[in-house]
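Please open the structure in your viewer and keep the sequence panel beside it. This tour goes from one selection to the next, and at each stop it says what can be found there.

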Amino acid sequence: MTQEKLILAIDLGTSGMKVALISVSGKVLGWEAEPVRLILTPDGGAEQSPEEWWQAFLSAAGRLMKKNYGANVIAVCASTQGEGTVAVDKDGNALGNAILWMDMRGAANLKKQIGGLINIDGAGISNVLRFVRLTGGMPSMTGKDPAAHMLFIRDTMPEIYKKTHKFLNVLDYINLRLTGEFVASFDSIVTSWVTDNRNPDDIHYNDSLIRSLGIDREKLPDVVACTKVIGDLRGDVANALGLSSNVKVVAGAIDNTAAAIGAGAVDDYALHLYIGTSSWMAAHVPFKKTDVASSMASIPCAVPGRYLLTALQATAGGNLTFLRDNIIYHKDELLQEADVPDIFKVLDQIANRVPAGANGVMYTPWIWGERAPVDDKTLRAGLYNLSLNSTREDIIRAFLEGIAYNTRWLLSPVEKFLGRKVNNINIVGGGAQSDVWCQIFADVMNVEIKQVADPIYANARGAAWIAAAGLGEIKFADIPELIQFRRAYQPQVQNRAVYDRGFENFQLIYKQMKGVYRHLNQ
């Protein structure tokens, strides 16, 4: 049994709750997971149950702690999905389901609130200039972040709004359940778009932004650094898990912030790519900057004195989940099997048999709109160039390639933002477990892809290292020496022409189809 100090790390994603015991040096000693339901409402909402999150945590953490490492646990720290909204009362009870980052129902409320006589994408120009100057970004006019969620509750659920003591992001809610404290972290509060972010070490509320958004100031939680110890673990939680009540709870971070650290990409300009339900590329930079045209900005993060360039894409691995659940193993009369195999390993094997270019089949992965490099909620996924010769194998390969094309599409504005060419990218997340997909990313993007060891643990490892840094056990500068890689993938010259031509066609599909999607999905 290890004598090294341990962190109980929480990784709450859209697909489920994961918990891990991770040493200060980054070694994963144990791991448990519980699925969490995604609730799609008839009016277009995307929600989850906060109580289901919490029970999933207690269940998974309870199993994990039976492995008798409890005496070495010094802290609990969470990484969670971002851009969600939970309204809670003064006793900390959730007043309804959490509104998730996919939920666009508040778009009309946001447009009404911040629109003006002269608008940019529906937002008044004076509001846009104020948001960008103070925050580095602005509310997504798709309605997919807490700014719109809070307005949606205010305007359509006035009784809930009246009872709301605080609006909390997903991370903030988990920390509330762990400590009883109503706080937000430097990064979890960002997409409420009510903070002055011009000093990365002093993120604080701005009254003019709060007035612009139209949310009561007292409904917003206190803001703390990601490395801040916000309290001791609540006694009842500690007892349930067999932990000491002296275990500290560190504020932690949302997923993209934690993944950057868990991927080892803490040096300035070091880029990581996360492939999970959603996808992003991110890099720490020493400056605050905004690229409105490509919907990218550098925002507050966990590393002192730094911002994190975050380029979000709406849906990555979620496309494969769609392929599994809605096409291959959709539960209807055609499904005879009682048990679904580990379908993602099977998809990997099948895709590896298909040549680069998927025999001409192309897939666009905009299954829930897109965030960057275009912010367009009306875009939708599509399969193109099917013929009588096309097979299911071609379609599977096309899914993987389509997500890689989408990521290449984003790479050019990322490089422009960074002011330098990207030669290698650390890859993490569930999708990074696929050797075939890592090679496809390397080939399509024409960069070296460095597969972090145990990439599915990146968020949890990042949370553990944030806690370790907050407690003074390590410095962020130590992390590049602690990170380990499984393999590096070099672009294959023989696939260059195929993927360059495929990328041209991918961009052409967007240009030709964006108007059609807008007409279909307004």
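## First stop: a covered helix

Begin by selecting N446, the residue that follows α13, and look at its backbone, where phi is positive, near 60°. Keep in mind throughout the tour that this is a predicted model. Now extend the selection back over helix α13, which covers residues 435-445 and is mostly covered, with 10 of its 11 residues buried. The buried residues of α13 include V436, W437, C438 and Q439, and the list runs on through I440, F441, A442, D443, V444 and M445. As a general point to hold against what you see, an α-helix has 3.6 residues a turn, so residues three or four places apart point the same way.

## Second stop: a covered strand and its partners

Next, select strand β17, residues 248-254, which is also mostly covered: six of its seven residues are buried. Which strands are joined to β17 by bridges? One is strand β6, residues 73-80, which runs parallel to β17 and is joined to it by five bridges; to see a point of contact, select C77, which stands opposite V250 in β17. Another is strand β16, residues 229-232, which runs antiparallel to β17 and is joined to it by three bridges, and here D232 stands opposite K248. In general, the strands of a sheet pair through backbone hydrogen bonds, either parallel or antiparallel.

## Third stop: a hairpin and an open sheet

Move to strand β2, residues 16-23, and strand β3, residues 28-35, which pair in the antiparallel sense over seven bridges. If you select M17, you will find E34 of β3 standing opposite. The two strands β2 and β3 form a hairpin with four residues between them, and in the turn G26 has a positive phi of about 100°.

Then select β4, β5 and β8 together: these three strands form an open sheet in the order β4-β5-β8, with antiparallel pairing. The edges are held by β4 (39-40) and β8 (98-99), each of which has a single partner strand, so one side of each is left without a neighbour in the sheet. Between β4 and strand β5, residues 46-48, the antiparallel pairing runs over two bridges, and I39 stands opposite E47 in β5.

## Fourth stop: aromatic rings

The structure holds 16 aromatic pairs, and this stop visits some of them. Start with Y161 and F167, whose ring centres are 5.9 Å apart and whose planes meet at 35°, so the pair is tilted. Are these two rings buried or exposed? Y161 counts as buried at 10% relative accessibility, and F167 is buried too, with a relative accessible area of 4%.

Now select Y405 and Y499, an aromatic pair that is edge-to-face, with 6.1 Å from centre to centre and 70° between the planes. Because Y405 lies in helix α12 (residues 392-418) and Y499 in helix α16, the pair ties together parts that are 94 residues apart in sequence. Both Y405 and Y499 are buried. Add W366, W409, F506 and Y510 to the selection, and you have the one aromatic cluster that these residues form together with Y405 and Y499.

Two rings also have a charged residue over them. K219 lies over the face of Y161, at 4.8 Å from the ring centre, and R420 lies over the face of Y269, at 3.5 Å from the ring centre.

## Last stop: empty space

Rolling a probe the size of a water molecule over the atoms shows where empty space is left. For the largest cavity, which holds about 70 Å³ of space, select P146, F167, L168, N169 and S192, the residues nearest its centre among the 13 that line it. Both α4 (146-156) and β11 (166-168) supply at least two residues each to this lining, which divides into seven nonpolar, five polar and one charged residue.

Finally, turn to the second largest pocket, with about 350 Å³ of space. Its lining has 15 residues, of which D121, M141, D375, K377 and Q522 lie nearest the centre. The elements that give two or more residues to this lining are α2 (107-114) and α16 (496-521), and α2 gives the most, with three residues. By kind, the lining of this pocket divides into five nonpolar, four polar and six charged residues.

Technical notes. Residues numbered from 1 in each chain as written. Predicted model: local features only at pLDDT ≥ 70, side-chain atom pairs only at ≥ 80, totals over all residues. Heavy atoms only, no water. 1 Å grid on protein atoms, 1.4 Å probe; cavity = no way out; pocket = protein on both sides within 12 Å on 5 of 7 lines; lining within 4 Å. Points joined across faces, edges and corners; volume = space filled by probe spheres on them. Nonpolar A, V, L, I, M, F, W, Y, C, P; charged D, E, K, R; others polar. Pairing = 2+ DSSP bridges. Phe/Tyr/Trp six-rings, centres within 6.5 Å; stacked < 30°, edge-to-face > 60°. Buried < 20%, exposed > 50% of the residue type's maximum accessible area, 1.4 Å probe, protein only. Lys NZ or Arg CZ within 6 Å of the ring centre and 35° of its normal.
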